[in-house]
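Hi,

Here is the structure I promised to pass along. Have a look at it first, and then read on for my notes.

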Amino acid sequence: LQEVQEDFSARVCDAASINDIDSEALKKLRNLYHEKNPANKTIVGISNKQFLGDLGLMRKGKLTYAAVILLAKAEFLDLKLANAEISFEYRNRAADIRHNDRVDYRKPFVLLAFELWEKILSRQQVHPIIEGLLRRDIPAFNEEVFREALFNAVCHRDYTDSGSIFILQSPEFLEIVSPGGFPAGINAEN
């Protein structure tokens, strides 16, 4: 449905250069790629520009917005893509208006994704389930489900909207709210 609309993340960010990439984030991305593809030994010897180009994060020597969102230094994001922000709020009860904890994150998403799960995990409720003679502890929130929802929020959000992604947590509730609406032609009914 969105074939006629340009993919924002694939656009070149003229303001960005390889110097705006966070070295720790780039190292993390290389490690993640290597863990996923251990048989591919070529990654070890290629330059950062070649690596980014091979992943489609650099086109004709210029970084894409996907590269900026995933890897740019916090200072660059502050100046050039401030809405690449994720705000986390924790409430003791989901219905509370006032939050007990709030953190605004604006940093490379490659690093932030792991930090956010640690934040969720720090207040994770565990529910004991008795099955016959055995007891199993079931966490309130599943890491795989959380990561999928978070990745969807970051990948599919509308970056032309100035809002932030919000993660709202309470002991019994976890919600991720992403700016923008459904793609053209999609609504809640279909």
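Below is what turned up, starting with the core and moving on to one helix.

Keep in mind that this is a predicted model.

The largest nonpolar core has 44 residues, and the ones touching the most other members are L71, I86 and L150. Quite a few elements give two or more residues to this core: the helices α1, α3, α4, α5, α6 and α7, plus the strands β3 and β7. The biggest share comes from α6 (109-121), with eight residues.

If you want one residue to click on, try I86. Leaving aside its neighbours within four places in sequence, I86 is in contact with ten-odd partners worth a look, including V103, Y105, F109, L112, L150 and I167.

Now for α1, which runs over 23-36. With 14 residues at 1.5 Å each, α1 should span 20 Å, and its end C-alpha atoms are indeed 20 Å apart, so the two agree. At the N-terminal end, D22 acts as a cap: one of its side-chain oxygens lies 2.9 Å from the backbone nitrogen of E24.

Which residues of α1 are buried? They are A25, L26, L29 and R30. These four cover an arc of only 140° around the axis, so they sit on the same side of α1. That fits the general pattern: an α-helix has 3.6 residues a turn, so residues three or four places apart point the same way. Covering the buried residues of α1 are, among others, α2, α3, α4 and α6. On the face turned away from the buried side, you'll find the exposed residues S23, E24, K27 and E35.

Cheers

Methods
Residues numbered from 1 in each chain as written. Predicted model: local features only at pLDDT ≥ 70, side-chain atom pairs only at ≥ 80, totals over all residues. Heavy atoms only, no water. Core = buried A, V, L, I, M, F, W, Y, C linked by side-chain atoms within 4.5 Å. Buried < 20%, exposed > 50% of the residue type's maximum accessible area, 1.4 Å probe, protein only. Contact = heavy atoms within 4.5 Å. Expected span 1.5 Å × (residues − 1). Arc of directions from axis to C-beta. Polar contact = N/O pair within 3.5 Å; in protein donor to acceptor, adjacent residues only side chain to side chain.
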